[in-house]
Protein chains: 2
Amino acid sequence: MSDTERAPRRSDATRHAILVAARERFAAEGYDRATIRAIAKEARIDPSMVMRYYGSKEGLYAAALDVDLGMPDPAGLDPREVGRVLVSHFLDLWEENEVLSSLLRVGTTSQAGAERIQGVFRDQLIPLARQVCPEPEQAATRAALIASQVLGMALTRYVLRLPPAVALGREEIVAWLGPTIQRYLTAPRP
Amino acid sequence: MSDTERAPRRSDATRHAILVAARERFAAEGYDRATIRAIAKEARIDPSMVMRYYGSKEGLYAAALDVDLGMPDPAGLDPREVGRVLVSHFLDLWEENEVLSSLLRVGTTSQAGAERIQGVFRDQLIPLARQVCPEPEQAATRAALIASQVLGMALTRYVLRLPPAVALGREEIVAWLGPTIQRYLTAPRP
DNA sequence: ACCGTAGGCCAACACGTGTTGACATACAAG
DNA sequence: CTTGTATGTCAACACGTGTTGGCCTACGGT
């Protein structure tokens with residue numbers, strides 16, 4: 001049951017090109033403004049190919065935006081440094097991976113996008129909070145606080161591009177947000 | 001030069017209805033998905049009236065989304081309470097006024113929307129930071145940090161609706177975010 | 001009572017969209 | 001070589017959009 005499919009199709013390159021182009025356009029313009037025609041043009045194929053391989057625009061979106069945050073295992077970390085490590089990890093994520101910008105744009109645009117973010121949050125962030133924070137039953141709340149700060153920085157810096165947020169240096173962000181995250185994660189309930 | 005126009009036109013009610021409907025639809029669906037036809041239907045008039053009174057969809061958007069945060073004067077406040085007061089003020093703003101949800105949705109959607117948020121940030125948030133924070137030349141940076149946390153909470157709670165963020169009580173949010181804002185505003189640069 | 005004008009509706013245009021099916025081509029198996 | 005199938009292109013459809021101009025209606029000043 002390991003590899004049921006062992007048929008490397010000749011069209012795999014095209015499929016991949018479509019996905020790359022889709023991530024690019026979705027990230028740059030959001031779900032509505034990113035058109036299948038523009039994606040197809042960027043992938044240098046015909047729009048109908050997108051339909052053939054992914055069924056519909058929604059299907060393409062679903063295929064393009066499967067996101068793995070790759071959260072580090074907090075077990076091996078200095079408990080007092082976990083805030084800074086997390087912020088640093090998120091910055092890496094946002095700067096190397098346009099999938100996240102795309103996800104955020106689409107999340108504010110469509111219900112399907114919002115639900116997808118809820119899924120990532122539930123499956124990848126809450127479990128981490130559950131491991132780290134003192135009272136596991138508060139994990140969801142604390143994860144939400146962390147999400148609010150991290151997504152907020154991503155929003156102002158990478159989507160809205162408020163000039164002072166863009167101007168911030170990487171280590172400045174870590175220094176400012178690290179303690180915040182640390183507190184949301186481990187401080188006693190106020 | 002006080003009141004150059006003293007002609008209460010008969011159509012003022014319609015104009016107002018259009019604006020109300022526009023804010024409603026923009027807030028609920030963002031710029032692209034909110035159609036002039038839907039706005040007109042909600043205002044119980046013909047789509048062409050929107051064009052007559054506001055010229056274009058962009059014009060309607062500009063008219064519908066002039067936002068005044070009504071930031072309190074920090075001079076009369078306990079300097080140690082300013083963080084909590086600001087968070088509380090923002091919560092009021094978000095819950096009573098759908099203009100802000102609208103603004104956030106549109107800001108992530110279109111360049112024009114992002115620029116509008118930049119304008120609000122520059123004209124209403126930075127000046128406040130300049131009044132409060134110790135070194136006025138850092139006001140922009142600190143205002144950006146505040147924006148990241150406040151907009152992030154608004155995003156997760158009112159737009160993405162992450163369940164734990166929605167479940168948070170008003171006083172919980174103030175208790176968690178207040179100190180964060182306070183630190184971003186007045187703590188020495190880390 | 002008259003009539004100019006503002007307020008409002010209707011039908012249509014031009015355009016861009018997602019989507020579809022018919023047709024061409026290149027590849028691999030017999 | 002022939003044939004079947006995967007890969008790709010082309011043109012078109014049906015629909016919804018922002019936008020426009022013509023037309024009707026009803027108010028308000030004279």
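Which residue forms a salt bridge with D92(B)? The legends below take up this question and others in a predicted model.

**View 1. The salt bridge of D92(B) within chain B.** The partner of D92(B) is R170(B), and the closest N and O atoms of this salt bridge are 3.1 Å apart. Because D92(B) lies in helix α5 (residues 82-96) of chain B while R170(B) lies in helix α10 of chain B, the pair ties together parts that are 78 residues apart in sequence. D92(B) is partly exposed, with a relative accessible area of 35%, and R170(B) also counts as partly exposed, at 31% relative accessibility. As a general point, side chains of opposite charge can pair when their charged atoms come close.

**View 2. The salt bridge between E172(A) and R189(B).** In this pair the closest N and O atoms are 3.8 Å apart, and the salt bridge crosses between chains, from E172(A) in helix α10 (residues 170-186) of chain A to R189(B) in the segment after α10 of chain B. E172(A) has a relative accessible area of 24% and is therefore partly exposed, since the partly exposed class runs between 20% and 50%. R189(B), with a relative accessibility of 54%, counts as exposed.

**View 3. The salt bridge between E172(B) and R189(A).** Here, too, the side chains meet in a salt bridge, with a distance of 3.8 Å from N to O. E172(B) lies in helix α10 of chain B, whereas R189(A) lies in the segment after α10 of chain A, so this pair joins two chains. E172(B) is partly exposed, its relative accessible area being 24%, while R189(A) is exposed, with a relative accessible area of 54%.

**View 4. A network formed by R25(A), E29(A) and E42(A).** These residues of chain A are joined into one network by salt bridges that share partners. Over all chains, the structure holds 18 salt bridges.

**View 5. The rotation axis that relates chain A to chain B.** Chain A can be laid on chain B by a turn of 180° with a shift of 0.0 Å along the axis, and the RMSD is then 0.1 Å. The two copies are thus related as by a two-fold rotation axis. Which residue of chain A comes closest to the rotation axis? That residue is G152(A), whose C-alpha atom lies at 1.7 Å from the axis. Of the interface residues of chain A, 100% are also interface residues in chain B, so the copies meet through the same surface.

Methods
Residues are numbered from 1 along each chain as its sequence is written. Chains are lettered from A and ligands numbered from 1 in the order in which they are written. This is a predicted model: local features need pLDDT of at least 70, side-chain atom pairs count only at pLDDT 80 or more; totals for chains, interfaces and linings use all residues. Side-chain values use heavy atoms; hydrogens and water are left out. Copies are superposed by least squares on the C-alpha atoms of residues with pLDDT of at least 70 in both. Contact means heavy atoms within 4.5 Å. A salt bridge is a side-chain nitrogen of Lys or Arg within 4 Å of a carboxyl oxygen of Asp or Glu. Helices (H or I, at least four residues) and strands (E, at least two) are DSSP runs, numbered from the N terminus. Buried means under 20% relative accessible area, exposed over 50%, partly exposed in between (1.4 Å probe, protein chains only).
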